[in-house]
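Visitor: I have not looked at this structure before. Could you take me through it step by step?

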Amino acid sequence: MGGADNTDNPPDFNHLGDMIMAQFTRPKVPQGVTEYVTTTQKEIVPGQFHVGYTTEWKSFQKEVPYSTPKKP
């Protein structure tokens, strides 16, 4: 009689056996671009908690070839 028994949509459980109250969706995050770093969101995999990001750094240090110092 009551609305507690819903046989159309059985409850979802996580890997620990706890009932999940609602299904969450993660928004697509735009690419972050600055002068020295670019951050991109990894592909969203259903069922995983951690989304993850890739970070690409642009070099801001210059490498100079070594030369022996002058003798005094």
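Visitor: How many helices and how many strands are there in the chain?

Guide: This is a predicted model. Its chain has zero helices and five strands. Read along the sequence, the pattern is β-β-β-β-β.

Visitor: Which strands form a sheet, and in what order?

Guide: Three strands form an open sheet, in the order β3-β4-β5, with antiparallel pairing. The edge strands are β3, residues 32-33, and β5, residues 53-57, and each of these pairs on one side only.

Visitor: How many bridges join β3 to β4?

Guide: Two bridges join these antiparallel strands. In one pairing, Val 33 has Thr 38 of β4 as its bridge partner. The connection from β3 to β4 is a hairpin through three residues.

Visitor: And over how many bridges do β4 and β5 pair?

Guide: Strand β4, residues 37-41, pairs with β5 over five bridges, in the antiparallel sense. Thr 40 stands opposite Thr 54 in β5, and Thr 38 has Glu 56 in β5 as a bridge partner.

Visitor: Thr 38 has come up twice. Is it buried or exposed?

Guide: Thr 38 is buried, because its relative accessible area is 12%, and the cut-off for buried is under 20%. Leaving aside neighbours within four places in sequence, Thr 38 is in contact with Gln 31, Gly 32, Val 33, Thr 54, Thr 55, Glu 56 and Lys 58.

Visitor: What about Gln 41: where does that residue lie?

Guide: Gln 41 lies in strand β4. With a relative accessible area of 10%, Gln 41 is also counted as buried.

Visitor: Which backbone atom does the side chain of Gln 41 reach?

Guide: The side chain of Gln 41 reaches the backbone nitrogen of Val 29, at 2.7 Å. Not counting residues up to four places away in sequence, Gln 41 touches Pro 27, Lys 28, Val 29, Val 51, Gly 52 and Tyr 53.

Visitor: Where is Pro 27 found?

Guide: Pro 27 is in the loop between β2 and β3. Pro 27 counts as exposed, because its relative accessibility is 61% and the cut-off for exposed is over 50%.

Visitor: With which residues is Pro 27 in contact, leaving aside neighbours within four places in sequence?

Guide: Pro 27 is in contact with Gln 41 and Ile 44. Pro 27 and Ile 44 are 17 residues apart in sequence, and their C-alpha atoms are 9.3 Å apart in space.

Visitor: Let us turn to the whole chain. What share of its residues count as buried?

Guide: The chain has 72 residues, of which 7% count as buried. About 7,600 Å² of the chain is exposed, and carbon and sulfur atoms supply 58% of that area.

Visitor: What part of the contacts comes from residues 24 or more positions apart?

Guide: Such residues account for 10% of the contacts in the chain with a separation of 6 or more.

Visitor: One last topic, the confidence. What pLDDT does the chain average?

Guide: The chain averages a pLDDT of 77, and 64% of the residues score at least 70.

Visitor: Which elements have the lowest and the highest mean pLDDT?

Guide: Among the elements of the chain, strand β2, residues 19-20, has the lowest mean pLDDT, at 62, while β4 has the highest, at 93. Strand β4 is also the one that holds Thr 38 and Gln 41.

Terms used. Residues are numbered from 1 along each chain as its sequence is written. This is a predicted model: local features need pLDDT of at least 70, side-chain atom pairs count only at pLDDT 80 or more; totals for chains, interfaces and linings use all residues. Side-chain values use heavy atoms; hydrogens and water are left out. Helices (H or I, at least four residues) and strands (E, at least two) are DSSP runs, numbered from the N terminus. Buried means under 20% relative accessible area, exposed over 50%, partly exposed in between (1.4 Å probe, protein chains only). Contact means heavy atoms within 4.5 Å. Accessible areas come from the Shrake-Rupley method with a 1.4 Å probe; for residues, only the protein chains shown count as cover. Two strands pair if DSSP finds at least two bridges between them. pLDDT is the predictor's confidence in each residue, from 0 to 100. A polar contact is a pair of N or O atoms within 3.5 Å; within protein, one must be able to donate a hydrogen and the other to accept it, and residues adjacent in sequence count only if both atoms are side-chain atoms.
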